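Good morning. I have one structure to show today, and I will keep to a few points about it. Please have a look at it first.

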4 protein chains.
Amino acid sequence: MGEGILRLGFVDVRVTDLEAARKHYVEVMGMQETARTGDALYLKGWDEYDHHSIVLRQSDRAGLVKMAFKVHTYEDLERLENQLRQYGASVTRVSNGENFKVGEGVRFKLPSGHTMELFVDMEYKGKALPQVNPAPWPEGLVGVGAPRIDHLLITADKPHETVDFLMKALNFYMSEKVVENERSETPISAWLFRSNTPHDIAIIPGKDEGLHHFAFWLDEFNDLRKAGDVFSKHDVSIDVGIERHGITRGQTIYYFDPSGNRNEVFTGGYIAYPDMPVVKWTVDQLTRGIFYFNHRQEWIEAFTGVTT
Amino acid sequence: MGEGILRLGFVDVRVTDLEAARKHYVEVMGMQETARTGDALYLKGWDEYDHHSIVLRQSDRAGLVKMAFKVHTYEDLERLENQLRQYGASVTRVSNGENFKVGEGVRFKLPSGHTMELFVDMEYKGKALPQVNPAPWPEGLVGVGAPRIDHLLITADKPHETVDFLMKALNFYMSEKVVENERSETPISAWLFRSNTPHDIAIIPGKDEGLHHFAFWLDEFNDLRKAGDVFSKHDVSIDVGIERHGITRGQTIYYFDPSGNRNEVFTGGYIAYPDMPVVKWTVDQLTRGIFYFNHRQEWIEAFTGVTT
Amino acid sequence: MGEGILRLGFVDVRVTDLEAARKHYVEVMGMQETARTGDALYLKGWDEYDHHSIVLRQSDRAGLVKMAFKVHTYEDLERLENQLRQYGASVTRVSNGENFKVGEGVRFKLPSGHTMELFVDMEYKGKALPQVNPAPWPEGLVGVGAPRIDHLLITADKPHETVDFLMKALNFYMSEKVVENERSETPISAWLFRSNTPHDIAIIPGKDEGLHHFAFWLDEFNDLRKAGDVFSKHDVSIDVGIERHGITRGQTIYYFDPSGNRNEVFTGGYIAYPDMPVVKWTVDQLTRGIFYFNHRQEWIEAFTGVTT
Amino acid sequence: MGEGILRLGFVDVRVTDLEAARKHYVEVMGMQETARTGDALYLKGWDEYDHHSIVLRQSDRAGLVKMAFKVHTYEDLERLENQLRQYGASVTRVSNGENFKVGEGVRFKLPSGHTMELFVDMEYKGKALPQVNPAPWPEGLVGVGAPRIDHLLITADKPHETVDFLMKALNFYMSEKVVENERSETPISAWLFRSNTPHDIAIIPGKDEGLHHFAFWLDEFNDLRKAGDVFSKHDVSIDVGIERHGITRGQTIYYFDPSGNRNEVFTGGYIAYPDMPVVKWTVDQLTRGIFYFNHRQEWIEAFTGVTT
């Protein structure tokens, strides 16, 4: 037995111009290009050790192809596959190598229509630091120098169905949820975790199969200012920020990659545990939950209205 | 089934002057006193929701009475009890209420002689923030305003035996270890985790049953400066810091409570996962692993030589 | 002889509700109320030693009554008075006590119609720290805890005339200016200093006698986040931020006091010297000069369009 | 007329190995080498615009050759020359070019025996940022990336004589001083400024002609951690830090260049004005004035005992 789902393993994302995307993710975000196949680029952050955490795939539009979560052991994978089938999900096996550099796994659809996969093994690349006597950070970081991806936020026509699915079939825990009022329990939106971060995935209302954003972790608040400076130097389109989230307590800049996929640089937040009582946000205070400083209704509408 | 051990639940610590200890932990560290029994004080941090994370117990000397880790479910508790017995540990049941405000659990000794307990339930107190639409931090924090405890570091005559025990019987994972040289595997010291932090417990060479320190989490680097200022204003005896750790990448101040228990305020560090390859520190670079800035042999000797 | 104009001594500002203003400046900004007269409140920051740096005056509208700069010596005052007269300004003497707690000075109008005064002496109050063996910060700071005011920004129909006046008659130096293009010299806007900060006063195009904002200094970037949190908790209306300025390199939140006077919390920026070559911003890059992250034309228009 | 002494213009320092010094100041500190003559290197920080702020001079020992302060105008220079002569100083004229790239000036000795010079003009090099539409920081900073020098601290057998000299003959102002007790006025040590920083020069007891350290400015507290990391990576010998100063409120790391000259990276501190009342530190609290966290007598003795 193992620890179940460990983390968001990789996002597989459509981009409309692979070279522009490469420039952005490598030269601005500071990711390492670990491989290139015919129509796809594979990238990892400097503090990640698996082969990749982002796949960029040439397409005629932006958006999420699929997301894959890393599972601790094959015993866990089998257990989760059983749970998925018991929950009524249609699960297919993914063979070793069907995903470039990724081992055997399973594939299924969330109630929201998103494709999700689970896998156990990915080719090991190693961090950008030695395994023996490492310095606290590597030399030669480029641009933002994001150490790793952190989470993603998807949209669903009926968020609570996907929230239920993730919690019951995959043992995600809930840190925070938006509800109609203090006495409501049904989540209008929800933030879910498997790691001890406040969210590995979140679900908000919107079209099925939609991607609101995926996020990069930054180590501290000042790194957001550096990121903002780098974005401005490189003419990256900033959506919102620097802002504080009420939900998760995190701090953020939202911005768009050259294809129009929304990304986030995120830092802060508390340590989340499965026994932590769920924090509720009522719809009347939701603007503060999303942007704690500039809690303006029109911002929230623009922010939640644009997805890929 | 659940998630096994979630975190360091509480430390039970001897102090030689309960009132002086109260002043320190409440007025300097900013902990909340949640209860007082005849000879003991119960404390929690503002971001903790269980009844207490520290028990201060009147004694004629400093040191650790015991440490207790919180387990997710009773099914986990039973499983871990079995693993402990299979590993050859002598396990006794702790009845509900035997520990003030704590439910049923198990007690056993580490190979190093330390008493450890596991429990599932503790009376719920709640964070110092509301459960509905909370602000990112509470008003009226006192002194350092530490949000929570983070980890502890114990000493053992034969560290590798206790490391083995924690990993095999309790499913701790190792983030970093000190070894003789690059090719060595046997840990001279080790940093172990169950959460996604680089350590929930660490073991270094020293006397059996020894406590090197227990640590408070602070949210960011600047909070260390505030802590140092508060310590100076209150004549708290600082041991070392502000320093960077090579091991864990964390940043730190070590200091002593009024009874001579060493404490730490700690921030930073990476996210640790069970599949992360273990970082090795060779003894010739160990001083840098411990104090990355002032990596002086004499400091390390003084630092590792004093325990309670 | 002395050092001439030392700093922005105080701003005298109209507010439409003195009690609401008191709550804002004292309970949110953390200023100390040092006196109250019939229709006015006197405030200072914790790191200021003169009796006040802000006068809030009951009125039926917001805006600036006048600004007063502190001059080092009476010899300087006389010299500046002569320079003002030589420049053609109409200067009147202000008698000791005409301004509450302020000594003798001079009054004149800028070409933009703003009333400016110079004074040498103000009643001494002292910082919120002792003069002997002070701690680095005082206990009991409230809300944002702003240590001091920093600068103000005014609007003028013909900014370059006021810029000339300030530089020639009062020996202000220019750190940065907005110009039509690289080869232009005439300032469309200008940032001027007497201290070693990038600006003690700035002038942008707009109506004569207009106040764009006056600013509080904060000691570091993280303090802006704290300020934003405090503003949100107290329902202060945030205008823009957290943002980086290209001009001055500072970091900022703009917000409104309850009467609609725009204020800023500002940190960062370089050390400015009289021999520093003036930085130019061309109008085509001005949006980045003002808001380096979100350099949007519509933001700039909203931002520069609202004055009191 | 002008503003008198503007700042510490340059330090001229002896090093025992010019190539080792170059590597340290360029590759570790991130200074730009602007010229090299037979036995000397000329360096500037990225945010400095004059040709150099440090001269490194090959010698058989470490220490200070001289310090030079930049004066605003030749009228100021003449005025200060007169003041120096009135004070009884023996002043000699320095011809244009006698100091490489430096214009005409004056030279004299402090009562402590140190050679000091004043100059008005130095060849202009420009910051590492463009004069038009500059980004807030330049690309490609190396190592610590120190933007500029900040101050120096010298030792004197009779500090109060040199303090008097600097204040009366050169119009330095005092921000803080060490005194025997609360009622004492005679400075045992003193911190003096001409800019609005808490010190451009400080004088502590010790041998005449001694250099305790010269300091680099860093923009914020987190930059000290980066500096400490860089120092450790490059085996720079750290003396003390990260520490808080009680005096000036600054934060600091002290370290040695390869020749044994003590340097400091310094950040923080308040804005100082000529009319600010002098802060007093009594000798019984001096350890806290120097190292606010680790205020240990033996540290202070080691710290103040080593000079060049």
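I will go through one helix, then the relation between two chains, then a single residue.

First, a word on origin: this is a predicted model.

Start with helix H6 of chain B, residues 297-305. Which of its residues are buried? They are Trp299(B), Ile300(B) and Phe303(B). Looking down the axis of H6(B), these buried residues fall within an arc of 95°, so they line one face of the helix. Glu298(B) and Gly305(B), on the other side of H6(B), are exposed. As for general background, an α-helix has 3.6 residues a turn, so residues three or four places apart point the same way.

What do the buried residues of H6(B) pack against? Within chain B, the partners are strands E13 (210-217), E14 (237-244), E15 (251-256) and E16 (262-267), along with helix H5 (286-290). Helix H6 (297-305) of chain D is also a partner.

Next, chains A and D. A turn of 180° with a shift of 0.0 Å along the axis lays chain A on chain D, at an RMSD of 0.0 Å. The two copies are therefore related as by a two-fold rotation axis. The same surface serves both copies, since 100% of the contact residues of chain A recur in chain D. In chain A, the residue that comes closest to the rotation axis is Asn222(A), at 4.2 Å by its C-alpha.

Last, Leu192(D), in strand E11 (residues 189-193) of chain D. Is Leu192(D) buried or exposed? Leu192(D) has 0% relative accessibility, so it counts as buried. Leaving out residues up to four places away in sequence, Leu192(D) touches several others, including Val163(D), Phe172(D), Pro198(D) and Ile203(D).

Technical notes. Residues numbered from 1 in each chain as written. Chains lettered and ligands numbered in written order. Predicted model: local features only at pLDDT ≥ 70, side-chain atom pairs only at ≥ 80, totals over all residues. Heavy atoms only, no water. Buried < 20%, exposed > 50% of the residue type's maximum accessible area, 1.4 Å probe, protein only. Helix = DSSP H or I, 4+ residues; strand = E, 2+ residues; numbered from the N terminus. Arc of directions from axis to C-beta. Contact = heavy atoms within 4.5 Å. Least-squares fit on C-alpha atoms with pLDDT ≥ 70 in both.
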